[in-house]
Amino acid sequence: MALKIMLLMELSIMLTLLAPIVLVRGKLASKHPMLLLSAWHSSLLTAALALLLALGILIANGVLAQVEHPGAIGWLDPLAAAILAWGALAILGVIGVRIWWQADALAKEAREAADRFSVFFGRSVRHMAMGRWYVRLVEFPVPIVAALQSPRGIIVSTEARDRLSERELRAVLWHEDTHLAHRHSAAVTIGRLAQSCVPMLPAAERMAQATSLVVELIADDRAAAHSGAGNVASALVKLGGDSETTALRAARLRAGASRAGNGWKLAATAIWAAPLIPLAIAFWPVG
Ligand SMILES: [Zn+2]
């Protein structure tokens with residue numbers, strides 16, 4: 001039992017400390033953004049599961065000690081079991097409160113963004129069909145294209161529409177469609193919630209920032225698969241001006257990064273087996 005708790009704790013701490021450092025390094029984000037996002041979410045789930053199982057075992061031991069079931073806690077005396085159980089509950093409480101605070105702050109941010117949208121664009125919105133999409137076209141002299149979760153849909157400003165060719169506009173709509181279809185706002189939220197659990201860890205903050213870029217690259221790649229990498233790249237430059245990130249994204253598409261082989265898809269699926277490790281440790285019949 002003690003060995004199981006130690007293994008689970010070590011697994012959780014190792015993943016929390018190392019996964020963000022390993023994943024944000026190198027060219028993984030640029031070459032295989034989908035693999036990076038899968039690896040990140042899988043390692044987060046594995047670390048959280050390992051921690052919850054370790055704390056759950058400690059709490060269960062404490063409860064068993066209270067109902068005088070000494071056989072089940074052989075390696076601990078009842079007082080130590082009770083103290084550890086209360087400690088485990090306290091850790092769960094602190095994590096729960098941190099996540100709740102951060103979720104509340106993010107929900108407030110989203111509400112404010114939706115309010116700003118309706119106040120700013122409310123009167124000038126026209127709904128119209130563009131290709132396979134029904135978008136909200138707003139009269140506005142600045143190029144804006146965005147996927148909104150609430151109210152859900154794609155908005156395009158008249159300036160953005162006028163700057164783009166039909167093919168480029170289609171590429172941009174595929175890009176925004178990917179954000180909605182793959183629930184990228186949820187991926188960014190998960191990154192920020194995870195960061196709030198380990199606020200002292202700079203790597204977690206970098207990972208949360210990297211998530212915002214990675215979802216853009218995933219959307220670029222899907223748009224490129226449907227509308228051609230050249231159209232996505234030229235649309236990015238026309239809409240994004242000369243920002244450094246835009247230039248990097250366009251250069252990456254022109255270099256053919258979005259046409260990476262299919263091996264990564266298998267790896268991105270296989271990596272979801274990782275959460276089975278803490279379950280196997282916790283429920284292994286020996287220990
Ligand atoms: Zn985007």
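1. Let me start with residues 154-197, in what is a predicted model. The C-alpha atoms at the two ends of this span lie 32 Å apart. Its make-up is 82% helix and 9% strand. The span is worth your attention since the UniProt record, an unreviewed entry, annotates residues 154-197 as "domain: Peptidase M48". Do keep in mind that such an annotation may be inferred rather than shown by experiment.

2. On to the chain as a whole. Twelve helices and four strands are found in the chain. Its radius of gyration is 24 Å, whereas a compact globule of 287 residues would come out near 19 Å. Along the principal axes, the C-alpha atoms fill a box of roughly 75 × 45 × 30 Å. Buried residues make up 31% of the 287. If you look at contacts with a separation of 6 or more, 67% of them join residues 24 or more positions apart.

3. The sheet is a pleasant thing to trace. In which order do its strands lie? The order is β1-β2-β4-β3, in an open sheet of four strands with mixed pairing. The edges are β1 (125-130) and β3 (145-149), each of which pairs on one side only. From one strand to the next, the twist averages 35°.

4. Take the β1 side now. Strand β1 runs antiparallel to β2 (residues 133-138), and six bridges join the two. One pair to click on is Ala-129 with its bridge partner Tyr-134 in β2. Two residues separate β1 and β2 in their hairpin, and Gly-131 in the turn has a positive phi of about 60°.

5. Next comes the middle of the sheet. How do β2 and β4 run, parallel or antiparallel? They run parallel, joined by three bridges. Here Val-138 stands opposite Ser-157 in β4, and Leu-137 stands opposite Val-156 in β4.

6. At the β3 side, five bridges pair β3 with β4 in the antiparallel sense. Leu-148 has Gly-153 of β4 as its bridge partner. These two strands also form a hairpin, with two residues between them.

7. A helix packs on this sheet. Helix α6 (residues 166-181) touches β1, β2, β3 and β4 (152-157). The direction of α6 makes about 25° with that of β3.

8. Just past that helix there is a backbone detail you may like to look at. Arg-183 sits in the loop between α6 and α7 (184-197). Its phi is near 50°, a positive value in a residue other than glycine. Is Arg-183 buried, exposed or partly exposed? Arg-183 counts as partly exposed because it has 13 C-beta neighbours inside 10 Å, and the exposed class ends at 12.

9. The largest nonpolar core has 56 residues. Which of them touch the most other members? They are Leu-36, Trp-40, Ala-50, Ala-54, Val-214, Val-232 and Leu-253. Helix α3 (residues 33-66) supplies the largest share of this core, with 15 residues. Leaving aside residues up to four places away in sequence, Trp-40 touches Ala-19, Leu-23 and Met-207.

10. The record has something to say about the helical parts as well. UniProt, again in an unreviewed entry, lists residues 6-24, 44-67, 79-101 and 266-286 under "transmembrane region". Residues 79-101 are 100% helix and 0% strand in the model, and their end C-alpha atoms lie 33 Å apart. Over residues 266-286, the chain is 62% helix and 0% strand, with end C-alpha atoms 33 Å apart.

11. I will end with Leu-276, which lies in helix α12 (residues 276-283). Why does Leu-276 count as exposed? The reason is its neighbour count: Leu-276 has 11 C-beta neighbours inside 10 Å, and a residue with 12 or fewer is placed in the exposed class. Leu-276 also makes a good distance check, as its C-alpha atom is separated by 9.3 Å from that of Leu-49, 227 residues apart along the chain.

Key: Residues numbered from 1 in each chain as written. Predicted model: local features only at pLDDT ≥ 70, side-chain atom pairs only at ≥ 80, totals over all residues. Rg over C-alpha atoms; globule rule 2.2 N^0.38 Å. Buried ≥ 20, exposed ≤ 12 C-beta atoms within 10 Å, placed from the backbone. Contact = placed C-beta atoms within 7 Å. Pairing = 2+ DSSP bridges. Axes fitted to C-alpha atoms, helices over the stretch in contact; angles between N-to-C directions. Core = buried A, V, L, I, M, F, W, Y, C linked by C-beta atoms within 7 Å.
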